[in-house]
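Trainee: Could you walk me through one part of this model up close? I'd like to hear about the salt bridges and what surrounds them.

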Amino acid sequence: MWGVSASMGRAVFTGRLMPGGKGLRAIDPLILAQSRTTISFLVLLPILLIRRGTRELVLPRRDLLYTFVLGTLGVAASNYFYYLAIQKTNVATAIILQYTAPVWVLLYMVARGRQKPSLQRVSAVGLALVGIVLAVGIFAAGGWRIDPLGLVAAMLASFSFAFYNIGGHSILARYDRWKVLLYTLASAVAFWILLNPPWKIAAVHYNSAQWLFLLVFAITSVLLPFAFYFSGLQHLDATRAIVASCLEPVFSIVIAAVFLGELMGPLQALGIVLVLAAIVLVQMPEKGASEAALVEPME
């Protein structure tokens with residue numbers, strides 16, 4: 001479903017025809033990022049309150065501050081830059097660059113001395129860098145056509161995604177995943193309200209069709225995918241879950257090619273394959289090492 005949401009975002013940015021033959025006026029990436037976190041939070045909060053009660057959802061003050069940083073620099077930033085990259089470039093470029101986050105996590109771990117630069121890990125970084133160069137079309141026929149702002153946005157999305165994963169491991173070890181998701185969403189909502197208050201949104205005068213799209217988009221791109229993802233983690237070991245998670249960019253690229261006509265050249269396709277191989281390689285457990293840490297998507 002995360003794969004579908006990328007193409008949905010691209011379609012609404014470009015004003016493409018939606019199902020039913022009706023046109024939908026383009027929506028700004030900031031509004032898309034803000035609305036999906038806000039709507040998801042407003043739907044998730046009453047569900048968790050009913051199922052678990054207020055007392056079980058309380059967090060200590062220190063962890064509240066921690067989730068605020070995680071929600072703003074991790075969730076809000078990665079969401080906004082990811083969809084800005086989709087708007088300025090295409091689905092393939094945006095998602096494949098964001099999915100290099102495990103490589104940046106690895107480099108951070110090596111720099112901090114938490115992991116050793118083994119042959120497997122060095123090879124993964126090398127594959128990822130070569131794959132990025134090919135995927136963004138630097139050597140494509142006709143020259144490089146990637147929008148510079150889109151490229152920068154995609155890399156910032158990747159770094160924010162990496163920050164979320166580095167910062168999220170400690171708190172996920174102490175609290176339930178849904179609880180952490182609730183508080184990171186709440187933090188992102190608070191950040192967006194300060195940055196883009198409700199009256200600014202009202203001034204844009206979105207119509208009912210656009211609001212309906214935003215509602216459906218929030219549910220299908222956040223709540224339902226996370227429900228399926230968390231459920232799948234209970235039935236898959238780490239290695240299989242890592243490989244399965246790498247199917248998302250594959251599906252996103254295929255869907256965008258079929259429904260949006262976003263085709264790519266052979267060198268770009270090779271670059272995408274190399275990046276995906278690097279992602280799998282960098283997260284595979286090594287002999288004598290602990291089980292691979294899963295990178296949970298936050299698109």
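Mentor: Here is a look at the charged pairs, followed by a few other spots and the chain as a whole.

Keep in mind that this is a predicted model. The count of salt bridges comes to two. As a general point, side chains of opposite charge can pair when their charged atoms come close.

Take aspartate 176 and arginine 52 to begin with: their side chains meet in a salt bridge, at 2.8 Å from N to O. That pair links distant parts of the chain, with aspartate 176 in the loop between H7 and helix H8 (177-195) and arginine 52 in helix H2 (residues 29-52), 124 residues apart. Aspartate 176 counts as partly exposed because its relative accessibility is 34%. Arginine 52 has a relative accessible area of 26%, so it is partly exposed too.

Now for arginine 174 and aspartate 63, whose side chains also meet in a salt bridge, here at 3.2 Å from N to O. Arginine 174 sits in the loop between H7 and H8, while aspartate 63 belongs to helix H3 (residues 61-88), so this pair ties together parts that are 111 residues apart in sequence. What about burial? Arginine 174 is partly exposed, at a relative accessible area of 43%, but aspartate 63 has just 4% relative accessibility and therefore counts as buried, the cut-off being under 20%.

Stepping back along H7, which covers residues 148-172, you get to proline 148. With 54% relative accessibility, proline 148 counts as exposed, since the cut-off is over 50%. The C-alpha atoms of proline 148 and lysine 88 are 8.6 Å apart, although 60 residues separate the two along the chain.

Helix H6 (residues 119-135) makes a handy check on geometry: at 1.5 Å a residue, its 17 residues should span 24 Å, and the end C-alpha atoms are indeed 24 Å apart, so the two agree. Buried residues in H6 include Gln120, Arg121, Ala124, Val125, Ala128, Gly131, Ile132, Leu134 and Ala135. For reading a list like that, remember that an α-helix has 3.6 residues a turn, so residues three or four places apart point the same way.

As for the whole chain, you have 13 helices and zero strands. Of its 299 residues, 52% are buried. Among contacts with a separation of 6 or more, 85% come from residues 24 or more positions apart. The chain exposes about 14300 Å², and carbon and sulfur atoms supply 68% of that.

Key: Residues are numbered from 1 along each chain as its sequence is written. This is a predicted model: local features need pLDDT of at least 70, side-chain atom pairs count only at pLDDT 80 or more; totals for chains, interfaces and linings use all residues. Side-chain values use heavy atoms; hydrogens and water are left out. Helices (H or I, at least four residues) and strands (E, at least two) are DSSP runs, numbered from the N terminus. Buried means under 20% relative accessible area, exposed over 50%, partly exposed in between (1.4 Å probe, protein chains only). The expected span of a helix is 1.5 Å times one less than its number of residues. A salt bridge is a side-chain nitrogen of Lys or Arg within 4 Å of a carboxyl oxygen of Asp or Glu. Contact means heavy atoms within 4.5 Å. Accessible areas come from the Shrake-Rupley method with a 1.4 Å probe; for residues, only the protein chains shown count as cover.
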